[in-house]
Amino acid sequence: FPRRNQPGTKQKLLGHCSRTLLISGNVSGIALFEATERNCSLSPPYLPNTAVNSSLRLQELRERMHFSNISAYIIPGTDAHLSEYIAPRDARMAFMTGFTGSAGTAVVTLGKAALWTDSRYWVQAERQMDCNWELQKDVSINSIAVWLISEVPYGGKIGFDPFLFSLKTQEDYRMSLESSNRSLKSMPSNLVDQVWKERPPIPPDSLIRLPDRIIQRSWQMKVEQIRNQMKENPYKPTALLLSALDETAWLFNMRGNDIPYNPFFYSYTLLTMDEIWLFLHTERVTEEMRVYLNTSCGGPLCVRLKNYDAVLDHLKEYVSSGSGVKVWIGTEYTNYALFEVIKPEDKLMSSSYSPVLTTKAVKDDTEQRILRDAHVRDAVAVMQLLMWLEKVVPAGKQTELSASVYVNDCRSKQKDNKGPSFETISASGPNAALAHYSPTGESNRKLKVDEMYLVDSGGQYLDGTTDITRTVHWGTPTAMQKEAYTRVLMGNIEISRTVFPSGTRGVNMEMLGRRALWEVGLNYGHGTGHGVGNYFGVHEWPVGFQGNNIPFREGMFTSIEPGYYKDNDFGIRIEDIAVVVPAHTKYGHNYLTFDTVSLVPYDRKLIDVSLLSPVQLHWLNKYYETIRRLMAPELDRQGLHEVKSWMLRHTEPLVDSKSSSTIRSPSPTLVTLALAVLCLFYA
């Protein structure tokens, strides 16, 4: 989770690829120095050819800052919808700094410029930025505020684009600057856009509607479902503002192509009890789409199209239209520009997430069925990759990049495939110790039989989004590698088989994924799981195992992905997608458990069966039975007989040759009791 998770072990991205070459001359003894990172202490400074010259951009930005009477300007690395993945046209931080990492904040004053990013990207920043920029390594807003107080004169104003600030971000800056006599200045006209003369345009692609064969609820049904929730809310909102891109896409069963790896389109929706206002780039709406949205009528189920940029003015107009107006917003994805026009406060109603996001999190029967189907086809592609690698890696010619290309090509041949759901993490040996590493031409390693290999990949299909990680070893793993892998697998199994009351939060059971690792002093520094959607984002909020996720309910899909990363050596992650299903218990009702829908076997060579409890071993063998039952017919249907044979070999039952297991799992009763205690603790 590049945006949502704390860095933890996801550190020093590309750091192990940094190389310094020092060659001593035999004539004068002067060293020839070639480096991949900048050195601003030299005179003149040394800049690698990967560094971007930002001098002219900074000069033009500062001219506009001076004209706007501000002493500093904050440039976040997000878009107006606070998206995890952003389009190239929203990469303002990258344009100004040259730094293309997925997380960071840039700040420019009239005399200095600085970038804040976490440890994953320090080396990358040193390669891509010129010496106009300082690199700051404490990424907290308080750290940025302290720097601003030291650089901005007393009484100075600090400009920011309110469309790029969340409510929390604005409040954190305001609190950190309080009593310093420096103040924030909201500037809806973005200064970087004024400097960025060749800013990428909006993609010309027309928007699409999902075919009826994969839809259970029409957009009209969804609108009425959300309106009913508005009616039932005791605070009686008169309108609902939808800002996150997946909210509007879900509500209208529409998709676009504006964001890499995500089938979204720039949009907002303002939904009232008798009107629907859809803000988007209207020139991309075909006549067929206008008919689909009922744009020619004026009733409560007729969509009124307005230009994307008109949302702010329209919202102002609506808020001022009467004393009984109350606008419901989800604070996690509403930007500050829209929030600050909903005045006075009695016209605002807020919750962390909008009712669209919480409703979307629970898949209907059709969505569950087709998302399971997508994972069957996706498993075919991953099996093809793993079988191919077993055959070709010993020859020593394949690389991280070639493996990434291969799995994407396998997916592209599957029905309804729309491309990858994120940039494939194909990592060998020490590169796999960087939890979210992706290979580049510079960092690309050859795959070797004596190194562990981690591949985290996913596909977008018309009927579902997939995300799966497998870790393998083609040679002889060390005892430590085998134990670490098995304990990661134990964590995956413990969460997957857990029985819990409906309404339990993921954060209250997340420790089950870490327990086997903790027992031997191991851990991992990323989250344990996230939601996934039906042809949506691969990280679908608000489902998962973090503190700001909503409680689990039947029909939710989540990843389960514990891991372990040994610096400069290897990395392990085992990630599956699972759906929340009813659990049949002896006495209680309304209990739930997980059903794993990812269908690719684990590496048998890395499993130390003696560490598994009988219950864990039973779960694993039942899972392998499920893979055989669901995948064998699909592989036969596709005529992939060699892949079927590979699958059957790798899903043979595992047997513990010893009479007892080293580590025993607690009974489901004890697990349930522990969860109950945790629920009380977190209540």
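**Entry 1: the Peptidase M24 span.** I began with residues 370-580, where I found the chain to be 28% helix and 24% strand, with the end C-alpha atoms 15 Å apart. I note that the model is predicted. I chose this span because UniProt, in an unreviewed entry whose annotations may be inferred rather than shown by experiment, places the feature "domain: Peptidase M24" at residues 370-580.

**Entry 2: the other two annotated spans.** I then turned to residues 57-180, where UniProt, again in an unreviewed entry, places the feature "domain: Creatinase N-terminal". Over residues 57-180 I read 37% helix and 17% strand, and the end C-alpha atoms are 29 Å apart. The UniProt annotation "domain: Peptidase M24 C-terminal", also from an unreviewed entry, covers residues 590-654; for that span I noted 52% helix and 9% strand, with the end C-alpha atoms 33 Å apart.

**Entry 3: the domain assignment.** I set these annotations beside the domain assignment of the protein chain, which gives domain 1 as 54-194, domain 2 as 208-360 and domain 3 as 365-653. For the pair I wished to follow further, I found the C-alpha centres of domain 1 and domain 2 to lie 30 Å apart, and the contact takes 18 residues from domain 1 and 23 residues from domain 2.

**Entry 4: the interface of domain 1 and domain 2.** I looked up the area buried between domain 1 and domain 2, which is about 1600 Å², with carbon and sulfur atoms giving 66% of that area. On the side of domain 1 that touches domain 2, I recorded eleven nonpolar, five polar and two charged residues. I then asked myself how many salt bridges the rule finds across the interface of domain 1 and domain 2. The rule finds zero salt bridges there, whereas the count of residue pairs in polar contact between domain 1 and domain 2, with both residues at pLDDT 80 or more, is eight.

**Entry 5: Ala94.** Last, I examined a single residue, Ala94, which I located in helix 2, a helix that runs over residues 92-97. Once I had left aside the neighbours within four places in sequence, I found Ala94 in contact with Phe99 and Thr100. I also checked Ala94 against Thr466, which is 372 residues away along the chain, and noted that the C-alpha atoms of Ala94 and Thr466 are separated by 29 Å.

Definitions and conventions: Residues are numbered from 1 along each chain as its sequence is written. This is a predicted model: local features need pLDDT of at least 70, side-chain atom pairs count only at pLDDT 80 or more; totals for chains, interfaces and linings use all residues. Side-chain values use heavy atoms; hydrogens and water are left out. Helices (H or I, at least four residues) and strands (E, at least two) are DSSP runs, numbered from the N terminus. Domain bounds come from an automatic or database domain assignment. Contact means heavy atoms within 4.5 Å. Buried area is the accessible area (1.4 Å probe) that two parts lose on being put together, summed over both. A salt bridge is a side-chain nitrogen of Lys or Arg within 4 Å of a carboxyl oxygen of Asp or Glu. A polar contact is a pair of N or O atoms within 3.5 Å; within protein, one must be able to donate a hydrogen and the other to accept it, and residues adjacent in sequence count only if both atoms are side-chain atoms. Ala, Val, Leu, Ile, Met, Phe, Trp, Tyr, Cys and Pro count as nonpolar, Asp, Glu, Lys and Arg as charged, and the others, Gly among them, as polar.
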